[in-house]
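Here is a short, friendly tour for anyone who likes to see geometry spelled out. Have the viewer open and follow along.

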Amino acid sequence: MASVHAYDVSVLSDSDVSRVLVVAAHPDDIDFSAAGTIAAFTEAGIEVTYLIVTPGDAGGFDPAVPRSEIPGIRQAEQTAAAKQVGVSDVRFLGYSDGRVEATLELRRDIARVIRQVRPDRMLIPNPERSYQSMPGSHPDHRAVGSASLDAIYPDARNPFAHPELAAEGLEAWAVRETWLTGGPQPNHYPEISATFHRKVAALRAHVSQIVNIEDLEGMLRGWMGRNARAGGLPEGSLAEAFQVLDTA
Ligand SMILES: [Zn+2]
């Protein structure tokens, strides 16, 4: 995958990565921020797992749909979206949409999946508020980003943290590299022109969420084009944007 670094950061080569764990607050978050890159990962033979903290039960726009049906609808949409980019391992934690806090319990639940999956690389939301993007700064995104980073360091790698995990037979695991989506200082812009159609297909699977978006593909081309320009890629390229952290 071609990529450009805006400032010096050493990014693991995809050929040194076997497993990736992606954590998000809501169904559709991953597809807006990272599905093009994830499609390239799975095409390269990397195993990818999704961990979605809430079923998006505060989402949807159609008042005729009973609210009790929303979690099932959105989980099915996310599962279908994942298939479009080669991901079949999709896990849900069942926290309540709009009420997520970076609690010890959430840290433990994310650390548990880190120890189960043993990823080389993780993709997680930015824990900081951005005054440039209110939707990107949704409180659930910030809480999930913060709990994920704490689960990466120290919880998952400290064998004595959350002793119930060791009691479940889960050994400590250190994640070598973490990519923030929507981070304050993006430093990695993977080119996604070759997988853009798969990203669009993944987003179209979120039927309940995109009903009000008139030109989904055009909107995405605009955003991904802006990322490519920020990353110094040739005119006409499309890219996603990440802030890569060394968490080894
Ligand atoms: Zn979200």
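The report below covers a metal site, three helix packings and two points of backbone geometry. Please keep in mind that this is a predicted model.

**The zinc site**

Let's begin with the metal. The zinc ion takes its protein donors from three named residues: His26 through ND1, Asp29 through OD, listed twice, and His141 through NE2. These donor atoms lie 2.1 to 2.8 Å from the zinc ion. Along the sequence, the donor residues follow the spacing H-x2-D-x111-H.

What angles do the four donor atoms subtend around the zinc ion? They run from 51 to 117°, and the arrangement is therefore irregular. Four donors count as tetrahedral only if all angles lie between 85 and 135 degrees, and the value of 51° for the zinc ion falls outside that range, so the irregular label follows. For reference, the ideal angle for four tetrahedral donors is 109.5 degrees.

**How the helices pack**

Three helix pairs can be set side by side.

| Helix pair | Axis angle | Axis distance |
|---|---|---|
| Helix 1 (residues 29–43) and helix 6 (residues 196–204) | about 125° | 8 Å |
| Helix 6 and helix 8 (residues 216–230) | roughly 130° | within 11 Å |
| Helix 3 and helix 4 | about 55° | 8 Å |

Take helix 1 and helix 6, whose axes meet at about 125°. That angle makes helix 1 oblique to helix 6, and their crossing is right-handed. Helix 1 brings Asp31, Phe32, Ser33, Ala34, Ala35, Gly36, Ala39 and Glu43 to the contact, while helix 6 offers Arg198, Lys199, Ala202 and Leu203. Sorted by class, the residues where helix 1 meets helix 6 are six nonpolar, two polar and four charged.

Helix 6 also packs on helix 8, with an angle of roughly 130° between the axes. Helix 6 is thus oblique to helix 8, and it passes helix 8 in a right-handed crossing. On the helix 6 side, the contact is formed by Phe196, Lys199, Val200, Leu203 and Arg204; on the helix 8 side, by Leu216, Glu217, Leu220, Arg221 and Met224. This contact of helix 6 with helix 8 has six nonpolar and four charged residues, and no polar ones. Lys199 and Leu203 of helix 6 are listed in the contact with helix 1 and in the contact with helix 8.

The remaining pair is helix 3 and helix 4, which are oblique to each other and cross in a right-handed sense. Here Leu106, Arg107, Ile110, Ala111, Ile114 and Arg115 of helix 3 meet Ala143, Val144, Ala147, Ser148, Asp150, Ala151, Ile152 and Asp155 of helix 4. The contact of helix 3 with helix 4 divides into nine nonpolar residues, one polar and four charged.

**Two backbone details**

Which residues are joined by a cis peptide bond? They are Tyr153 and Pro154, with omega at about 10°. Pro154 belongs to helix 4 (residues 139–155).

The other detail is Arg118, a residue other than glycine with a positive phi, near 55°. Arg118 sits in the loop between helix 3 (104–117) and strand 4 (121–125).

Conventions. Residues numbered from 1 in each chain as written. Predicted model: local features only at pLDDT ≥ 70, side-chain atom pairs only at ≥ 80, totals over all residues. Heavy atoms only, no water. Axes fitted to C-alpha atoms, helices over the stretch in contact; angles between N-to-C directions. Helix = DSSP H or I, 4+ residues; strand = E, 2+ residues; numbered from the N terminus. Parallel < 35°, antiparallel > 145°, perpendicular 65-115°, else oblique. Left-handed = near helix turned anticlockwise from the far one by under 90°. Contact = heavy atoms within 4.5 Å. Nonpolar A, V, L, I, M, F, W, Y, C, P; charged D, E, K, R; others polar. Donors = N, O, S within 2.8 Å, 3.2 Å for Na, K, Ca; no water. Tetrahedral: all angles 85-135°; square planar, octahedral: opposite > 155°, others 65-115°.
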